[in-house]
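User: I am new to protein structures and would like a close look at one part of this one. Please take the packed interior, and start from one helix inside it.

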Amino acid sequence: MGRRGIDLFLRSVAFVSLRGFFRAVDVVGREQIPAGRPVLIVSNHFNGFIDPVVLIRVFGRLPRFLAKSSLWRIPGVAPLCALAGMIPIHRPVDGDVSQNHDVFSRCHEVLANADLVGIFPEGATHDVPSIQGVRTGAARIALGAYAAGVTDLLVVPVGLTFDDKFVLRSRVLAQVGEPISMADFAVELEKVGLLADTTDHASVQHLTSQIGEGMRAVSSDYADAAEARALGRAAEIFVRTGRQPGQTYVPLSEQEAVARRLAKASPQDREHVSNALGRYQLDLDFMHVRDHLLVPGFQAGRLVRETVLATLRLVVLAVPALVGILWNVLPYLVVRLSGFRVNAPAVKGTVRLPVALVVFPLSWALVALNDPWSGVLADLAVFVVAPFLGLLATSLLESSVRTVRAWRGVIALQTHHALIDEVLVHRATLIATAQAALAHGVRAAAPGADVE
């Protein structure tokens, strides 16, 4: 199998893995991705090995990712890195950095072929919900490639936001920012007497600054994880209120857009939003209901229709779903347990992904060896059918759980009927408080502007 075949295989594995790890992947700004041009991808690094997998989904191709050289010293990891076409970058903490000259030359070769190179300029994965110090490696690669003749190079910033890094089947948002054209950047440098070359330290610092600004424009920027969770939850409730009746699901892209605006409000406004959210959340917890059941315009008839459809799907697809559970439940439990042993959320993905890439195929191989059908094609078919049935079973189970929870909430609302009016007042207070914080933030940024 040649390099192109390997890339196609790895891209397929990445897509299937992402479907298993996340129930929703939102991509915003896909139109910013150029076709047929060399691209240096610069992204935040919030979730370990999961981050490059998401970027593969965003760009639809397999970039050549730069990764810390220490990975190549871990037993069994070096062959996998080589298989993926990854390029080792030598950080000061890893020892000798003199080899980075060859690393950068390799990146220039890839970009000269109108291909993709991916780098995480922060240098390490972390759990702080904001961009940390951006290092100069990305700028040096871009300037070096431009000086080497890759004049149509674009530097494309990407921000990755994860709804919950602790759990499987969460959500992820990938936001593509405005590309930095190296040709235009070189013109800017020339105007101020600088060179578009790595030998000019001021040029490197200037481009590093622009890369950092581009990454911050599409990434989370919260004081800490607690603020990110609180503002994200408040934003979800706020957005849900303005949607059409029956449309209770809030995409992470819409939720995060409002949450980031709330994060720019004054500390006092953010505190008011958090307090209002806490009061309303206490109501929900006490009654054991979820917010979407209290949203204006909620229709019980729609829940009945969804229940009937979910039941029909479950009856029709029960047998293949059961097979999917039997073939995938053990490796799923192993992956879940592997995450329990890791305390840092950003490292959970780094542990879970390699474990999943080992235990799931191993489980399918055991199924293939013990299936009643003989032949190579039948055995290979298991590796296609097993993940499909696993995803089918997951979808049906999640749909059933949502339906059961909704009915439990409806019954709880009837039980606590006398409290509903008071709870709705607390909900309205949260919405009004968030609206005021958003309005204040807009006026602070641009006096006289209106809230969108």
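Analyst: What follows is a walk from one covered helix out to the cores, the empty spaces and a few single residues.

Keep in mind that this is a predicted model.

Start with helix H2, which runs from 50 to 59. Is H2 mostly covered or mostly open? It is mostly covered: nine of its 10 residues are buried. The buried ones are Ile50, Asp51, Pro52, Val53, Val54, Leu55, Ile56, Val58 and Phe59. After the helix comes Gly60. Its phi is positive, near 70°.

Now see what H2 packs into. The largest nonpolar core has 41 residues. Five of them touch the most other members: Phe22, Val54, Leu55, Phe59 and Phe162. Val54, Leu55 and Phe59 are also on the list of buried residues in H2. A general rule helps here. In soluble globular proteins, nonpolar side chains tend to be buried together.

Which elements build this core? Those that give two or more residues to it include helices H1 (3-21) and H2. Strands S1 (22-28), S2 (39-43), S6 (154-162) and S7 (170-176) do so too. Helices H13 (345-370) and H14 (376-415) complete the list. So the core draws on parts of the chain that are far apart in number, as the ranges of H1 and H14 show.

Zoom in on Leu55. Leave out residues up to four places away in sequence. Leu55 then touches Ile41, Ser43, Phe65, Phe120, Val158 and Leu160.

There is another core, apart from this one. That second core has 36 residues, among them Tyr222, Ile237, Ala265 and Leu303.

Next, the empty spaces. Rolling a probe the size of a water molecule over the atoms shows where empty space is left. How many cavities of 30 Å³ or more does a search of the whole structure find? The search finds two.

The largest cavity holds about 70 Å³ of space. Its lining includes Ile50, which is one of the buried residues of H2. Phe22, from the list of core residues that touch the most other members, lines this cavity as well. The other lining residues are Phe21, Asn47, Asp164, Lys165, Val167, Leu168, Lys348, Gly349 and Arg352. H13 gives the most to this lining, with three residues. By type, the lining divides into five nonpolar, two polar and four charged residues.

The second largest cavity has a volume of about 40 Å³. It is lined by Arg240, Arg243, Gln244, Pro245, Gly246, Gln247, Thr248, Val295 and Pro296. That lining splits into three nonpolar, four polar and two charged residues.

Pockets come next. The second largest pocket has about 320 Å³ of space. It is lined by 16 residues. Closest to its centre are Arg216, Ala217, Ser219, Arg260 and Lys264. S7, helix H7 (201-217) and helix H9 (252-263) each supply at least two lining residues. H9 has the largest share, with six. The lining divides into six nonpolar, four polar and six charged residues.

H9 also holds Leu262. Is Leu262 buried or exposed? Leu262 counts as buried because its relative accessible area is 1%, and the cut-off for buried is under 20%. Apart from residues up to four places away, Leu262 touches Leu231, Ala234, Ala235, Arg270, Ala434, Ala437 and Leu438. Gly278 lies 16 residues from Leu262 in sequence and 16 Å away in space, C-alpha to C-alpha.

A loop can hold a buried residue too. Ser130 sits in the loop between strand S5 (116-119) and helix H5 (137-147). Its relative accessible area is 10%, so Ser130 is buried. Leaving aside neighbours within four places in sequence, Ser130 is in contact with Phe46, Glu122, Ser220, Asp221 and Tyr222. Tyr222 is also among the members of the second core.

Last, the cysteines. A disulfide is a covalent bond between the sulfur atoms of two cysteines. How many disulfides does a search of the whole structure find? The search finds zero. Cys81 is in no disulfide, and its nearest cysteine sulfur is that of Cys107. Why is Cys107 not bonded to Cys81? The two sulfurs are 15 Å apart, which is too far for a bond. Both residues are covered: Cys81 is buried at 4% relative accessibility, and Cys107 is buried at 0%.

Conventions
Residues are numbered from 1 along each chain as its sequence is written. This is a predicted model: local features need pLDDT of at least 70, side-chain atom pairs count only at pLDDT 80 or more; totals for chains, interfaces and linings use all residues. Side-chain values use heavy atoms; hydrogens and water are left out. A nonpolar core is a set of buried Ala, Val, Leu, Ile, Met, Phe, Trp, Tyr and Cys residues joined through side-chain atoms within 4.5 Å. Buried means under 20% relative accessible area, exposed over 50%, partly exposed in between (1.4 Å probe, protein chains only). Helices (H or I, at least four residues) and strands (E, at least two) are DSSP runs, numbered from the N terminus. Contact means heavy atoms within 4.5 Å. On a 1 Å grid over the protein atoms alone, a cavity is a set of points where a 1.4 Å probe fits but cannot get out, and a pocket is an open set with protein on both sides within 12 Å along at least five of seven lines; lining residues have an atom within 4 Å of a point. Grid points are joined across faces, edges and corners, and a volume is the space filled by probe spheres set on the points. Ala, Val, Leu, Ile, Met, Phe, Trp, Tyr, Cys and Pro count as nonpolar, Asp, Glu, Lys and Arg as charged, and the others, Gly among them, as polar. A disulfide is a pair of cysteine sulfur atoms within 2.5 Å.
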